[in-house]
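Colleague: I have just opened this structure and would like to learn how to read the places where chains meet. Could you walk me through them?

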Amino acid sequence: MMHLLTMADLQPEEITSLIVEAESFAKGAVWQPERSVYVSNLFFEPSTRTKCSFEMAERKLGLEVIQFEASASSALKGESLYDTVKTMESIGVDALVIRHPEDQYYDELKETCGISILNAGDGCGHHPTQSLLDLMTIKQEFGRFTGLKVAIVGDFRHSRVAHSNADALRRLGAEVVFSGPPEWFDENSPYEPIDRAIRTADVIMLLRIQHERHERKYRITREEYHRRYGLTPERERRMKPGSIIMHPAPVNRDVEIAGGLVECPRSRIFKQMENGVYVRMAVLKRSLSQIKGGHNVEVFAKKRALAR
Amino acid sequence: MMHLLTMADLQPEEITSLIVEAESFAKGAVWQPERSVYVSNLFFEPSTRTKCSFEMAERKLGLEVIQFEASASSALKGESLYDTVKTMESIGVDALVIRHPEDQYYDELKETCGISILNAGDGCGHHPTQSLLDLMTIKQEFGRFTGLKVAIVGDFRHSRVAHSNADALRRLGAEVVFSGPPEWFDENSPYEPIDRAIRTADVIMLLRIQHERHERKYRITREEYHRRYGLTPERERRMKPGSIIMHPAPVNRDVEIAGGLVECPRSRIFKQMENGVYVRMAVLKRSLSQIKGGHNVEVFAKKRALAR
Amino acid sequence: MMHLLTMADLQPEEITSLIVEAESFAKGAVWQPERSVYVSNLFFEPSTRTKCSFEMAERKLGLEVIQFEASASSALKGESLYDTVKTMESIGVDALVIRHPEDQYYDELKETCGISILNAGDGCGHHPTQSLLDLMTIKQEFGRFTGLKVAIVGDFRHSRVAHSNADALRRLGAEVVFSGPPEWFDENSPYEPIDRAIRTADVIMLLRIQHERHERKYRITREEYHRRYGLTPERERRMKPGSIIMHPAPVNRDVEIAGGLVECPRSRIFKQMENGVYVRMAVLKRSLSQIKGGHNVEVFAKKRALAR
């Protein structure tokens, strides 16, 4: 099997090659496994875009999606994630996409599980396909990472993607700075006030504020957050020419970003979602090309007369 | 895109042509789009028959159904319907079927959304495919609308379909009267007591009583409702020869209609459900024949050797 | 239609023939109906393995699965199971797989419903595909039933499968004894203390303890249950040579069985799950071979060039 658990598992050249693959899917390339391949999406937290995006990617690859509903599963009877995963493996699922509230839930699975696991988010940890779609969107825009300046703005500490994005971007040659409320950052991160960041960054990468959690602790209202750290129309006007706005969504309108800017010309927010499908096709293909030998099945690219 | 939001959007000739199409599907006609088409059913209220009926229609047309579970979606994190719809559009869904508790939820979507929306019920407002299946069932029975008398019985005020059914039936040439508790009607509606209506109408169209809501307000028990306004076996015996009974279901047995009459020879209640699938195939075909140019795809009728 | 409601409906030769069919599917045999066949899985209780296993079986047979979510269905509006089933029949579903908390829920359906019902568990009653997969696993191991001794250990009274397994095993020629807390058995059952049973049985068939229900009544803790009646590593060492361990899962680790034994060489627990898919393919094929005449469709085995 070939898992995808964190961005740290991927070498820079693998990242580049996954983005190239994703771009080729975006342009209409078709790849489908020769035999029926079964996948299941185990989401133990609410999700629209990641779950539907994975399902779309799976369908476009012609995979059979075995539906799994956490709220109607034996998890309710106290079944452990390990046993649920072994069950899915036993019934013949070839790969699992998993989102789970626990950090590094996959540690107990990665050695014992005989099928590929694709991490769709663990606790406050990792979310590699989100990172990849962010990277693809930047690549699409600028054609390179070297020399770019990316400002990540917001709740760095609780963000699944901020750390791995920052790490991957640096490995690929970009400069990364952080902005937003200073109390949310690591000591070692280069910090830049929001009004300086917007003037100099090529990419403003906003993070979702989980304000329900923070308001009490930091005593900052939605309005105050927006005024002090949010992307207001006034700040957008001072952004560097040619720079873009990104956000993993769902957006808190008028908190991280003014509602009117979500679909402004600089925004790549919906483009990110679109790219998400192609990135997931690429990582699914990567995992399925390594299907366990027990199945004794050739999986290879196949151009079909009719695109599905 | 080509939405279907309310019956008022459809000219009488369009209604007729959708019914003709549905009847042709009922007789086994096959139509499938040339390329893979992706749809999703966004149901923000409980539903069995409408949701499963749409999914059946979609499968019979060979569409790919991207599963969406409202109770496990980002709507739980406060995401707006607008953002959910834009997300589905971004990931490449071609059409959305939506049921939502808010009246005219589609007002903010119909201009901004680049894909087709099929309304599967909005608040106490509209439910055009239910209207169409009702009309198809009447047409199937009598071959015409002109000269028919249809009595709509029950909770006119809170019914999604009563108003649009009444309007469409009149536009198609039928006479429509209302019966049931007088306090539930508009001032302008021709009212007829139940015992006169059942003797003269060709169609008794019962509405579901949301008794949990009304009992307190109108202080009428289920038993009393049934006795005063319900279709009892005694009243059924006095119905006009050749007349039929309709109900959108789910039925409150022994409230709107005696339990024993649900499957009686006059009842078309399960026939309505059967017709629902064909009507939905017809409206899906109508929307998909207008798929947005961006996809650059020919969608056309295709007879296949093996019916799916 | 051809229902599968209880094991008692099946003659020994039918059981044998279903197991043979399942083994042939396990070896890669392919059977798919000629026309599109629609099934739906109506699960009114949480389930992972049974529901996903049925869906996997359905996909492997090339069936179209109409998704049904009990928690978002009209059952919430008080719709009866009968009306839900008639709805699914009306929209054109060919077969229904049902799990329901009520014992013998199918009594009101079996005569009136025009499509096949496959029972996936009723209350504390029956669960025929679980029985069949248990039997298949035993057959696979020993090649016969005659002369085998099977010890069923645990909560006999509340187990869906224990009674029907016992009955079927006896009809097929095996000896069956029961073990565990004496207060959970029928008077007429041959009882054997656990420490004698493990030394003499060819199959130790553990039952899931619903301890949340029993602890209070029988004042027995999880630890005490494990010590007195559970399969501890010490007991496993004294098991008869060549004997196997079975459990329907989900397992309560360290209650019915020590966590470390779940995947030990004697354990067939995950093998049972694997077999479940093939058994369900066999019973689905049995029901679909008898599709109602109204559809006028030939359903027959078809070897396809590419296995799905």
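Colleague: Let us start with chain C and chain B. How many residues of each are in contact?

Modeller: Please keep in mind that this is a predicted model. In it, 26 residues of chain C touch 26 residues of chain B.

Colleague: And what area do chain C and chain B bury between them?

Modeller: About 2400 Å², with 51% of that on carbon and sulfur atoms.

Colleague: How are the two copies placed relative to each other?

Modeller: In general, two copies of a chain are related by a rotation about an axis and a shift along it. Here, chain C is superposed on chain B by a rotation of 120° with 0.0 Å of shift along the axis, at an RMSD of 0.0 Å. The two copies are therefore related as by a three-fold rotation axis. They use different surfaces, since 8% of the contact residues of chain C recur in chain B.

Colleague: How many salt bridges are there between chain C and chain B?

Modeller: The count is five. One of them joins K86(C) to E263(B), whose closest N and O atoms are 3.8 Å apart; the cut-off for such a pair is 4 Å. There are also seven residue pairs in polar contact between chain C and chain B, counting pairs with both residues at pLDDT 80 or more.

Colleague: Which elements of chain C supply at least two residues to the side that touches chain B?

Modeller: β2 (64-66) and α3 (81-90) of chain C each do so. The most comes from α3(C), with seven residues. By type, this side of chain C has 11 nonpolar, eight polar and seven charged residues.

Colleague: Now for the other neighbour. How many residues are in contact between chain C and chain A?

Modeller: There, 26 residues of chain C meet 27 residues of chain A. The buried area is about 2400 Å², and carbon and sulfur atoms give 51% of it. Within chain C, T48(C), M56(C) and R59(C) lose the most area to chain A, together 24% of what that side buries.

Colleague: What polar links join chain C and chain A?

Modeller: The rule finds five salt bridges across this interface. Among them, K51(C) pairs with E69(A), with 3.5 Å between the closest N and O atoms. Eight residue pairs are in polar contact, both residues at pLDDT 80 or more.

Colleague: Which element gives the largest share of the side of chain C that touches chain A?

Modeller: That is α2(C), with eight residues. The elements giving two or more residues to this side are α2 (49-60) and α10 (269-288) of chain C. Its residues divide into nine nonpolar, five polar and 12 charged.

Note on methods. Residues are numbered from 1 along each chain as its sequence is written. Chains are lettered from A and ligands numbered from 1 in the order in which they are written. This is a predicted model: local features need pLDDT of at least 70, side-chain atom pairs count only at pLDDT 80 or more; totals for chains, interfaces and linings use all residues. Side-chain values use heavy atoms; hydrogens and water are left out. Copies are superposed by least squares on the C-alpha atoms of residues with pLDDT of at least 70 in both. Contact means heavy atoms within 4.5 Å. Buried area is the accessible area (1.4 Å probe) that two parts lose on being put together, summed over both. A salt bridge is a side-chain nitrogen of Lys or Arg within 4 Å of a carboxyl oxygen of Asp or Glu. A polar contact is a pair of N or O atoms within 3.5 Å; within protein, one must be able to donate a hydrogen and the other to accept it, and residues adjacent in sequence count only if both atoms are side-chain atoms. Helices (H or I, at least four residues) and strands (E, at least two) are DSSP runs, numbered from the N terminus. Ala, Val, Leu, Ile, Met, Phe, Trp, Tyr, Cys and Pro count as nonpolar, Asp, Glu, Lys and Arg as charged, and the others, Gly among them, as polar.
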